[in-house]
Structures are given as C-alpha cells and as structure tokens.
Amino acid sequence: MDRNTTQQSSLPDLLYVCGIDTDVGKTYGTAFLIRTLREAGYSSCTSMKLVQTGCHEISEDIETHRRLLGEPLSAWDRQGLTCPYLYSYPCSPHLAARMDGGEIDPLRLDAAAKHLLELGAKPLLVECAGGLMVPLTEQLLTIDYIAQHEKPQIALVTNGKLGSINHTLLSIDACLHRGIEVRYLIYNVYPEQDETIERETIAYLQGWLKEHLPHCLFMQMPLAD
C-alpha cells in the first residue's frame, strides 16, 4: 500500500487529532483526514472539537472543517454537540474555563462523543486543543484524557519548522509510554519553510517511522485552497 494513502484495516470509531504544538495545522489536518477517509469509503466520517477557546457561539475550528469540506454547518454543530465547551479567552482550556467561571468535565466530553457515534458519525475525528500536554483541567492533561479510553489512537500533525523533529518524536514517545497508538503522522506543508530543512525533516521522519513505528502512516497534507 502507498504510504501516502489511508490505512483502512481496523479503523477505530474514535480518532483524536493532536498536534506537536499549537498553531501547527490541526484544523486543516482534521479536514484533510476526513476528506481522505471519505474518499476511502468512510462516508459518515465527521469531526468534533474537544474544547474551543478564543471564540463565541460556534467553534471556529468546526466552521473551518466544514468550509474546507465544502459543506454547511450541521444541526449538530449549531446545537453545540460537536464542541461541548466553548470559551471566550484564547488560552489553555483549563485557564479559559476558569476565566469564564467554569470547569471542564471529562465525562461531558465522553458523552458528546458517544452521542455523535450513536447518531452515526463514524469514524469521529476529535480535534484537540494545542499540544498533547495542554491541561484540560488543573489535574488532567489532554494526553492523559486520551489515554483513559480503550485502545486510544491519534493522528499527530507536524510540520517543517525548525525544531519540529524534536517536538514530533517527543510527542510520539509520550504517547507510546501511555499506550496511545499513533496511527497517522500528518505533515503540514504550510507555511512553507526552508527547502533544505523541510526535505530533511520529511525524509528523517519517514525513515524514523519505517524503523521504529512501521504501522504509523505518514501523510503529506497539500496546501489548502
């Protein structure tokens, strides 16, 4: 199988889309993976945003998913089901919740995902906020929330910025130590970087996966329209 096409065997109902850092392209990566999976036959694939900060009314990232896929907001989106927590201040979820006078309940996140799955949203791609170590609450990191679930799997979004090899391998190592399978490594080509560094980053990560994590699929995300 071509390593730039999606793996179809034993695809989980729930897949978390995480990044090596904030602003690495998770939102675009989520839409890219949805489109890829739909083209592979998973027509019911859609997305959910775990927590959205820095906006009002409807998740900006959900709006971007739908725009990139060329579809309108759904009733689920307008009801808030695809983004259980929405906060006004653009910061870490635990701080944004505190500033708005609330707290994130992991059980509410689970309930929203379960409801969407019951409605037929399979596979469901859950875009997380920030990097893997971002705190959802004072006591719970995003990565540990993911690890609490049965046989958790993620798609990890990276890019060619200087330092991304380090951040990518640290993120993968943290997942493996928690029993989280890194199913996809999505390489975001935007913004364009130094060509020499970018070529080496892609080659190095592909070689590293082949040697250490052969079941992880490397996917290069094209420039968005």
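**Thr-30**

I started with Thr-30, which sits in helix α1; helices here are DSSP runs of H or I with at least four residues, strands are E runs of at least two, both numbered from the N terminus. The model is a predicted one, where local features need pLDDT of at least 70, side-chain atom pairs count only at pLDDT 80 or more, and totals for chains, interfaces and linings use all residues. Residue numbers run from 1 along each chain as its sequence is written, and side-chain values use heavy atoms, with hydrogens and water left out.

Thr-30 comes out buried, at 0% relative accessibility. For my own record: buried is under 20% relative accessible area, exposed is over 50%, and partly exposed is in between (1.4 Å probe, protein chains only). I then listed what Thr-30 touches, skipping neighbours within four places in sequence: Val-17, Ser-47, His-65, Leu-125 and Glu-127. Contact means heavy atoms within 4.5 Å.

**α1 on α2**

His-65 belongs to the α2 side of the α1 contact, and that took me to the helix pair. I noted that two packed helices are described by the angle between their axes and the distance between the axes. α1 covers residues 26-39 and α2 residues 60-69; they pack at about 40° with axes 9 Å apart. That makes the pair oblique, since angles under 35 degrees count as roughly parallel, over 145 as roughly antiparallel, 65 to 115 as roughly perpendicular and the rest as oblique. Axes are lines fitted to C-alpha atoms, for helices over the stretch in contact, with angles from 0 to 180 degrees between N-to-C directions.

The crossing of α1 and α2 is right-handed. In this convention right-handed means the near helix is turned clockwise from the far one by less than a right angle, left-handed anticlockwise. From α1 I wrote down Thr-27, Tyr-28, Thr-30, Ala-31, Ile-34, Arg-35 and Arg-38; from α2, Asp-61, Thr-64, His-65, Arg-67, Leu-68 and Leu-69. By class that is five nonpolar, four polar and four charged residues. The classes: Ala, Val, Leu, Ile, Met, Phe, Trp, Tyr, Cys and Pro are nonpolar, Asp, Glu, Lys and Arg charged, and the others, Gly among them, polar.

How much of α2 is covered? Mostly, I found: seven of its ten residues are buried. They are Asp-61, Ile-62, Thr-64, His-65, Arg-66, Leu-68 and Leu-69. These buried residues pack against α1, β2 (46-49), β3 (52-53), α3 (75-78) and β5 (124-131).

**Thr-201 and α7 on α8**

Next I looked up Thr-201, in helix α8 (residues 195-212). Thr-201 is buried at 3% relative accessibility. Outside its neighbours within four places in sequence, Thr-201 contacts Asn-159, Gly-160, Ser-164, Ile-165 and Tyr-187. Tyr-187 is 14 residues away along the chain, and the C-alpha atoms of the two are 9.7 Å apart.

Ser-164 and Ile-165 are also in the α7 side of the α8 contact. Helix α7 (residues 164-176) and α8 have axes that come within 10 Å and cross at roughly 25°, which makes them roughly parallel. I noted this crossing as right-handed. Ser-164, Ile-165, Thr-168, Leu-169 and Ile-172 of α7 meet Thr-201, Tyr-204, Leu-205, Trp-208 and Leu-209 of α8. The split is seven nonpolar, three polar and no charged.

**Ala-113**

Ala-113 is in helix α5 (residues 106-118) and is buried at 9% relative accessibility. Past four places in sequence, Ala-113 contacts Leu-14, Met-48 and Leu-124.

**Cysteines**

How many disulfides did I get? The count is zero, taking a disulfide as a pair of cysteine sulfur atoms within 2.5 Å. The sulfur of Cys-18 has its closest cysteine sulfur in Cys-128, at 3.9 Å, too far for a bond. For the sulfur of Cys-175 the closest is in Cys-18, at 6.5 Å, again too far. Cys-18 is buried at 1% relative accessibility, and Cys-175 is buried at 0%.

**Backbone oddities**

I found a cis peptide bond between Lys-122 and Pro-123, with omega about -10°. Pro-123 is in the loop between α5 and β5.

Asp-23 is not a glycine, but has a positive phi of about 55°. Asp-23 is in the loop between β1 (14-19) and α1 and is exposed at 69%. Glu-57, also not a glycine, has a positive phi of about 70°. Its place is the loop between β3 and α2, and Glu-57 is exposed at 78% relative accessibility.
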